[in-house]
Amino acid sequence: MNVSAIGESNRVGLDESYRPLPALYLGFLSIWFFSACSWTFNTYKNRHLQINNLQWTLASVPLIKALQLTLSFLFWYSCFYLELCSLWMSFGVYITGVLFQTVSFVSFLLISHGYCITCERLSVTERRTTAALGCVFYLTLVGYRASVPYFTVLLMLNYMISFYVIFHHISQNLLVLREQLTFIEDEEVQPMFDAVYMKYRMFKKFQGAMQILAVAETMIYINIDDSSENYWLRLLVREWAQFCIFMYIGWTFRSQELAPRFSVMPTLKSKVDLMVPPIYRIEMDATSFQEFQRHEWHIGVPTSVRDKSSRDSVLVIIQHPNAYRPRTLVSSRKQPV
């Protein structure tokens, strides 16, 4: 938004080239508001399937964007049709715009770390790094929007470091998932292979979306055309790019189809190489199960079944290590009710 035009609006009038802005902001407000409501409703509806807060974190982004577009529409509408430009409303547009970009950036950092995808929680170091990058990004963005000297260079440097961190963690997660896929394929465990492969595809799509975002952000900040005649056109392109990229990422990490497959993941990432234990499946009736007694097996550890419509009881049978079998075997068995 042109700050100088806002400051002079009450005295010299608005440039007519800004007249399409109320209609543009109203159109994008309708799109983002519908998306935010649908996303929030879908997340709440499928909350019993979710074992993480990733969808709630992503759902907050379109809500903030809808608030920013609401304030933008009210500001420009009141300027043109009520001849009243509120300084406080323009300040609200400024703050919500910075907040939207910061929350989006932090969400992308969380996804790149594998939050709720390859691990349930981030380590203390990862949380501190994400918080520090988010705070620095917020401060540099505020300085850039306020036209503070040298903050353009600082913002570009922050973008370079942040995108490096995002792509570095994506590459690490892809490498880990490829190793897991190779091992699971050798063990011929198709259900687990499908779940891990879906996570691998999600990271590949996210990697492509981040590459497009990096190019788009670069094009926005190197655009030297600051004329007011085609401001509405630049606004149209920028808003459509933001909407398409974020909706693509949100659809990739949608909850209603992916959450049941995410029930098997470590709580935290491990710094050592982990090997997926062999998994076996044995079907037996209730009579055979009652007579099943082995000293080396620990029987009767129930898993958390999130799908309430499931008609079968799921038990995890763990074979304890001993002198003859040094490796722990995890077996998933299903007992008919």
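**Cysteines, a surface patch and a long-range fold**

Cys 79 counts as buried, because its relative accessibility is just 8% (buried means under 20% relative accessible area, exposed over 50% and partly exposed in between, with a 1.4 Å probe and protein chains only). The model is a predicted one, where local features need pLDDT of at least 70 and side-chain atom pairs pLDDT 80 or more, while totals for chains, interfaces and linings use all residues. Residues are numbered from 1 along each chain as its sequence is written, and side-chain values use heavy atoms, leaving out hydrogens and water.

So what does Cys 79 pair with to form a disulfide? The partner is Cys 85, and the two sulfur atoms sit 2.0 Å apart (a disulfide being a pair of cysteine sulfur atoms within 2.5 Å). A disulfide is a covalent bond between the sulfur atoms of two cysteines. Cys 85 is buried too, at 11% relative accessible area. The structure holds one disulfide. Two other cysteines have some surface showing: Cys 37 is partly exposed at 37%, and Cys 244 is partly exposed at 44%.

Stepping back to the whole chain, there are 10 helices and four strands (DSSP runs numbered from the N terminus: helices are H or I with at least four residues, strands E with at least two). Starting from the N terminus, the order is α-α-α-α-α-α-α-α-α-β-α-β-β-β. Of the 337 residues in the chain, 40% are buried. Among contacts with a separation of 6 or more, 71% join residues 24 or more positions apart (contact means heavy atoms within 4.5 Å). The chain exposes about 19,700 Å², and carbon and sulfur atoms supply 63% of that area (Shrake-Rupley method, 1.4 Å probe; for residues, only the protein chains shown count as cover).

Helix H9 covers residues 231-252, which is 22 residues. From its first C-alpha to its last it reaches 32 Å, close to the 32 Å expected (1.5 Å times one less than the number of residues). The buried residues of H9 include Leu 235, Glu 239, Gln 242, Phe 243, Phe 246 and Ile 249. An α-helix has 3.6 residues a turn, so residues three or four places apart point the same way. Which elements help to cover the buried residues of H9? Among them are H3 (21-45), H4, H5 and H8 (190-221).

Helix H5 runs over residues 87-112 and contains Ser 107. Ser 107 is buried, because its relative accessible area is a mere 2%. Setting aside neighbours within four places in sequence, Ser 107 is in contact with Thr 57, Leu 58 and Val 61. Thr 130, 23 residues away from Ser 107 in sequence, is 9.5 Å away in space, C-alpha to C-alpha.

Leu 82 tells another story. This residue lies in the loop between helix H4 (54-81) and H5, and is exposed, with a relative accessible area of 57%.
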